[in-house]
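Dear colleague,

Please find below the structure that I am handing over to you. A summary of what was found in it follows.

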Amino acid sequence: MVAGNGLLYPILGFASCVAFIYMSFGDLKLSSFPKEPRLSFVERNGTQFFLDGKPLYVNGWNSYWLMAHSVDENTRPRISAMLQAGAKMGLSVCRTWAFNDGGYDALQISPGQFDERVFQALDYVIAEARQHGIRLLLSLVNNLQAYGGKTQYVKWAWQEGVGLSSSNDSFFFDPSIRKYFKNYVLTVLTRKNTITGIEYRNDPTIFAWELMNEPRCMSDPSGDTLQDWLEEMTAFIKSVDRNHLLTIGLEGFYGPKSPKKSTVNPEEWASTLGSDFVRNSNITNVDFTSVHIYPDHWFHDLGFEEKLSYVSKWVRSHIEDCDKELKKPVMFTEYGLSNQNKDFEPSQREKFYRTILDIIYKSAKKKGSGAGALVWQFFVEGMEEYNDDFGIVPWESPSIYKLTVEQSCRLARIRGRIQENGNLKELCSKRE
């Protein structure tokens, strides 16, 4: 007993000393690193987004390339530069690809096979966005062939001898391909970020999931095939992740049975793509609607002023649908004006952007469904080879930069969010 107690006292003394040192100085290690910003999930109530109990209106942008450029250490600094620039303009949401199927630096090399190096690049994008106070709208697959898309899924099924058809639209009805895609979605949503330690489905840095970029199923103009796929996949996503909002990724065209097919659609072809804005968006598990705005692609014989007039009608029509029928927020998740137009002048872009942003602001002021817009698209310097005829480096265009900041500030003022955000407080006080 004596020997035992004699040994016990020094141990207790040492333990007390360690406890004292830890209580006095133990938080030094934690305080030497930047603390993770506290974030809540964005929610939806009726036709509005809510954050921490207050309505949220979004001014944001597209940079589809973030994951792709995060893979290579030489181009990785572009991600921080772009996110920092977005934050400085008061932007709150960036839409980007969370897919790269097959091909160079693919995230999904083959069905169910992933490149960990590329996954860690996506981890980095999400972690970096969190540090800059930017939320991400992450798209899960492409209707187009860029970065693989539905074409790659069909190729995989064909190569493995399980494909029902070589048609790209078999993506929507082939059971094997549906299984491929569900496995992909499950892997992404349950991914544990190697930097933050947070599963994607539990990370409020992600604003929402976008099911597919610009879905079309032209082999079935009735829209039934696409509708069936959307219902199944949106239900599947919600079964895995109840935290995040979900949108489809539609362009906004009205289908063959819609009364607006002939009054609002750009031309007859728009009602034959197998999609329908109202029918698709009315699915229970779809939290908000998405619309794109590309009059340059839709018309080839209209002058600039005629395009502006059409864009006003297009935007107002979808806000009306969401105010009166769908009772959900609408996000204009891509809008752009091509610099390849015969009559293009740089000043037209500001006028085009302002037309869209003014309508959204007016809707937001009335507590309407116009919830925000994301310009297509922003880059940093030295990325000319990745640009298209819509992209800009925002700080190289003073008028666009000024307009962007102006929209960020006036949307934030509507519900008194400026005081909550140090960056916005400094940015917007200069414009009061």
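In this predicted model, 32 aromatic pairs are present. One of them joins tyrosine 153 and tryptophan 156 in an edge-to-face arrangement, with 5.4 Å from centre to centre and 70° between the planes. Both residues belong to helix α6 (residues 149-159), and because they are 3 residues apart there, about one helical turn separates them. Tyrosine 153 and tryptophan 156 are each buried.

A further pair is formed by tyrosine 254 and phenylalanine 277: the ring centres are 6.1 Å apart and the planes stand at 80°, so this pair is also edge-to-face. Here the partners come from distant parts of the chain, 23 residues apart, with tyrosine 254 in the loop between β10 (245-247) and α10 (277-281) and phenylalanine 277 in helix α10. Tyrosine 254 has a relative accessible area of 0% and is therefore buried; phenylalanine 277, at 0% relative accessibility, counts as buried too. Both rings are members of one aromatic cluster, which consists of Phe253, Tyr254, Trp269, Phe277, Trp298, Phe299, Tyr310 and Trp314.

As to internal space, the whole structure contains 2 cavities of 30 Å³ or more. The largest cavity holds about 50 Å³. Its lining is made up of Asn59, Gly60, Leu91, Tyr335, Tyr353, Leu357, Val375, Phe378, Ile400 and Thr404. Two or more of the lining residues come from each of β4 (58-62), α13 (346-365) and α14 (398-414). By class, this lining has 7 nonpolar and 3 polar residues, and no charged ones.

The second largest cavity has a volume of about 30 Å³, and Tyr64, Met67, Ala68, Trp97, Phe99, Asn100 and Tyr147 line it. Of these residues, 6 are nonpolar, 1 is polar and none is charged.

Turning to the pockets, the second largest pocket encloses about 410 Å³. It is lined by 19 residues, of which Leu144, Asn213, Glu214, Glu334 and Trp376 are the closest to its centre. In contrast to the linings of the two cavities, the lining of this pocket includes charged residues, with 6 of them beside 9 nonpolar and 4 polar ones.

Finally, for the chain as a whole, there are 15 helices and 13 strands. Of its 432 residues, 56% count as buried. Among contacts with a separation of 6 or more, 73% are between residues 24 or more positions apart. The accessible surface amounts to about 19,000 Å², and carbon and sulfur atoms contribute 53% of that area.

With kind regards

Note on methods:
Residues are numbered from 1 along each chain as its sequence is written. This is a predicted model: local features need pLDDT of at least 70, side-chain atom pairs count only at pLDDT 80 or more; totals for chains, interfaces and linings use all residues. Side-chain values use heavy atoms; hydrogens and water are left out. On a 1 Å grid over the protein atoms alone, a cavity is a set of points where a 1.4 Å probe fits but cannot get out, and a pocket is an open set with protein on both sides within 12 Å along at least five of seven lines; lining residues have an atom within 4 Å of a point. Grid points are joined across faces, edges and corners, and a volume is the space filled by probe spheres set on the points. Ala, Val, Leu, Ile, Met, Phe, Trp, Tyr, Cys and Pro count as nonpolar, Asp, Glu, Lys and Arg as charged, and the others, Gly among them, as polar. Helices (H or I, at least four residues) and strands (E, at least two) are DSSP runs, numbered from the N terminus. Buried means under 20% relative accessible area, exposed over 50%, partly exposed in between (1.4 Å probe, protein chains only). Contact means heavy atoms within 4.5 Å. Accessible areas come from the Shrake-Rupley method with a 1.4 Å probe; for residues, only the protein chains shown count as cover. Rings of Phe, Tyr and Trp (its six-membered ring) pair if their centres lie within 6.5 Å; planes under 30 degrees apart count as stacked, over 60 as edge-to-face and the rest as tilted.
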